[in-house]
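Thanks for making the time this morning. I would like to walk you through one model, sheet by sheet, and then stop at a few individual residues.

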Amino acid sequence: MFFDIDITMRVGERLIETAIASDAKLTAIVGPSGVGKTSVLNAVSGLLQPRSGHIRIECRTLFDSFAGVNVSPEHRCAGYVFQDARLFPHRRVSANLAYGEKLARTNDRWIDRNEIIGLLEIGDLLGRWPATLSGGEVRRVAIARALLAAPRFLLLDEPLVSLDPGRAERLIALIENIRDTLEVPILLVSHSAQEVERLAGHVIELARASGS
Ligand SMILES: Nc1ncnc2c1ncn2[C@@H]1O[C@H](COP(=O)(O)OP(=O)(O)OP(=O)(O)O)[C@@H](O)[C@H]1O
């Protein structure tokens with residue numbers, strides 16, 4: 001099982017409940033704005049603590065309220081690509097990538113810098129400043145940086161949002177390539193079920209919990 005997640009949490013006024021049992025290498029969570037998709041990714045990465053439930057990825061328990069397990073974010077080894085990418089604006093693309101590489105513990109390093117640069121087609125962007133990149137290029141660099149940290153799983157928050165159709169298509173093809181060639185399960189959030197149709201082997205619709 002790649003993803004075995006069953007959690008309840010309260011974020012502000014909102015009660016969020018989700019159950020995911022997925023054998024798919026790429027699993028998508030879809031649902032309308034504000035339903036709690038990003039909060040689920042935050043819980044999986046360890047940035048947010050659920051009230052109850054469990055989070056297991058490839059049979060590794062990251063959180064289990066019953067058993068008293070709560071692995072710290074740095075030991076979960078998530079490759080989290082935030083919706084706003086969060087590249088360091090004062091570092092060129094190559095230095096942003098170097099930051100990701102530094103996060104990888106030597107023994108865990110399973111990926112080669114050149115392979116990732118080729119996979120995300122960012123070789124010609126290495127000397128550029130983040131402010132000069134297009135929306136699609138920013139996403140590709142952010143995904144590459146996350147992969148260079150040798151994550152055990154990848155969390156992609158709305159990677160396709162506000163890209164024009166051409167750029168979205170190119171990024172979909174690259175994410176497909178990551179899914180099919182790298183040993184890293186992917187949890188992807190989107191507001192649109194149609195958008196993830198090609199990518200996801202399993203789609204979870206997050207609905208508003210009763211009482212929220
Ligand atoms: N720090 C916070 N304090 C209070 N409420 C919050 C906080 N963060 C999120 N929320 C609320 O929790 C709910 C879920 O937010 P979340 O960002 O997880 O939803 P989402 O489905 O990812 O939305 P979107 O698609 O718009 O990004 C929303 O109602 C949001 O306003």
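Let me begin with a detail: how many residues lie between strand 4 and strand 5 in the hairpin they form, and which residue in the turn has a positive phi? There are two residues between strand 4 and strand 5, and the residue in the turn with a positive phi, of about 50°, is Glu58. Please keep in mind throughout that what you see is a predicted model.

That hairpin belongs to an open sheet of five strands, which are arranged in the order 2-1-4-5-6 and pair in the antiparallel sense. The edges are taken by strand 2, residues 14-22, and strand 6, residues 69-70, and because each of them has a single partner strand, one side of each is left without a neighbour in the sheet. Helix 1, residues 37-45, packs on this sheet and touches strand 1, strand 2 and strand 4, with a direction that makes about 115° with that of strand 1.

Going through the pairings, strand 1, residues 3-11, is joined to strand 4, residues 52-57, by six bridges, the two running antiparallel, and in that pairing Ile7 stands opposite Gly53. Strand 4 then pairs with strand 5, residues 60-64, over four antiparallel bridges, and here Ile57 has Arg60 as its bridge partner. From strand 5 to strand 6 the pairing is again antiparallel, over two bridges, with Asp64 opposite Val69. Strand 5 and strand 6 also form a hairpin, this one with four residues between them, and Gly68 in its turn has a positive phi of about 75°.

Before leaving this part of the chain, I would like to look at Phe2, which sits in the segment before strand 1. Is Phe2 buried or exposed? With 20 or more other C-beta atoms within 10 Å as the criterion for a buried residue, Phe2 is buried, because it has 22 of them. If we set aside residues up to four places away in sequence, Phe2 touches Ser22, Asp23, Ala24, Lys25, Thr27, Ile57, Glu58 and Pro185, so that list includes Glu58, the turn residue with which I opened. By way of contrast, Phe2 and Val93 are 91 residues apart in sequence and 31 Å apart in space, C-alpha to C-alpha.

Now to the second sheet, which is also open and has five strands, here in the order 7-8-9-3-10 and with parallel pairing. Its edges are strand 7, residues 78-81, and strand 10, residues 202-205, and since each has a single partner strand, one side of each is left without a neighbour in the sheet. The twist from one strand to the next averages 15°. Strand 3, residues 26-30, runs parallel to strand 10 and is joined to it by four bridges, and Ile29 stands opposite Ile204 in that pairing. Helix 5, residues 135-148, packs on this sheet, touching strand 7 and strand 8, residues 153-157, and its direction makes about 170° with that of strand 7.

Helix 5 brings us to the largest nonpolar core, which has 61 residues, and in which Val44, Ala144, Leu155, Leu187 and Leu188 touch the most other members. The largest share of this core, eight residues, comes from helix 5. Leaving aside neighbours within four places in sequence, Ala144 is in contact with Leu97, Ile116, Ile117, Leu120 and Ile122.

Next, the ligand: which residues are around it? They are Val11, Gly12, Arg14, Gly31, Ser33, Gly34, Val35, Gly36, Lys37, Thr38, Ser39 and His191. By class, this shell has two nonpolar, eight polar and two charged residues, and its largest share, three residues, comes from helix 1.

I will finish with two backbone details that you may wish to inspect on the screen. Ala85, in the loop between strand 7 and helix 3, has a positive phi of about 65° although it is not a glycine, and this residue is buried, with 21 other C-beta atoms within 10 Å. Glu158, in the loop between strand 8 and helix 6, likewise has a positive phi, of about 50°, without being a glycine, and with 21 C-beta neighbours inside 10 Å Glu158 counts as buried.

Definitions and conventions
Residues are numbered from 1 along each chain as its sequence is written. This is a predicted model: local features need pLDDT of at least 70, side-chain atom pairs count only at pLDDT 80 or more; totals for chains, interfaces and linings use all residues. Two strands pair if DSSP finds at least two bridges between them. Two residues are in contact if their C-beta atoms, placed from the backbone, lie within 7 Å. Axes are lines fitted to C-alpha atoms, for helices over the stretch in contact, and angles run from 0 to 180 degrees between N-to-C directions. A residue is near a molecule or strand if its C-beta atom, placed from the backbone, lies within 6 Å of it. Ala, Val, Leu, Ile, Met, Phe, Trp, Tyr, Cys and Pro count as nonpolar, Asp, Glu, Lys and Arg as charged, and the others, Gly among them, as polar. A nonpolar core is a set of buried Ala, Val, Leu, Ile, Met, Phe, Trp, Tyr and Cys residues joined through C-beta atoms within 7 Å. A residue is buried if 20 or more other C-beta atoms lie within 10 Å of its own, exposed if 12 or fewer, and partly exposed in between; C-beta atoms are placed from the backbone.
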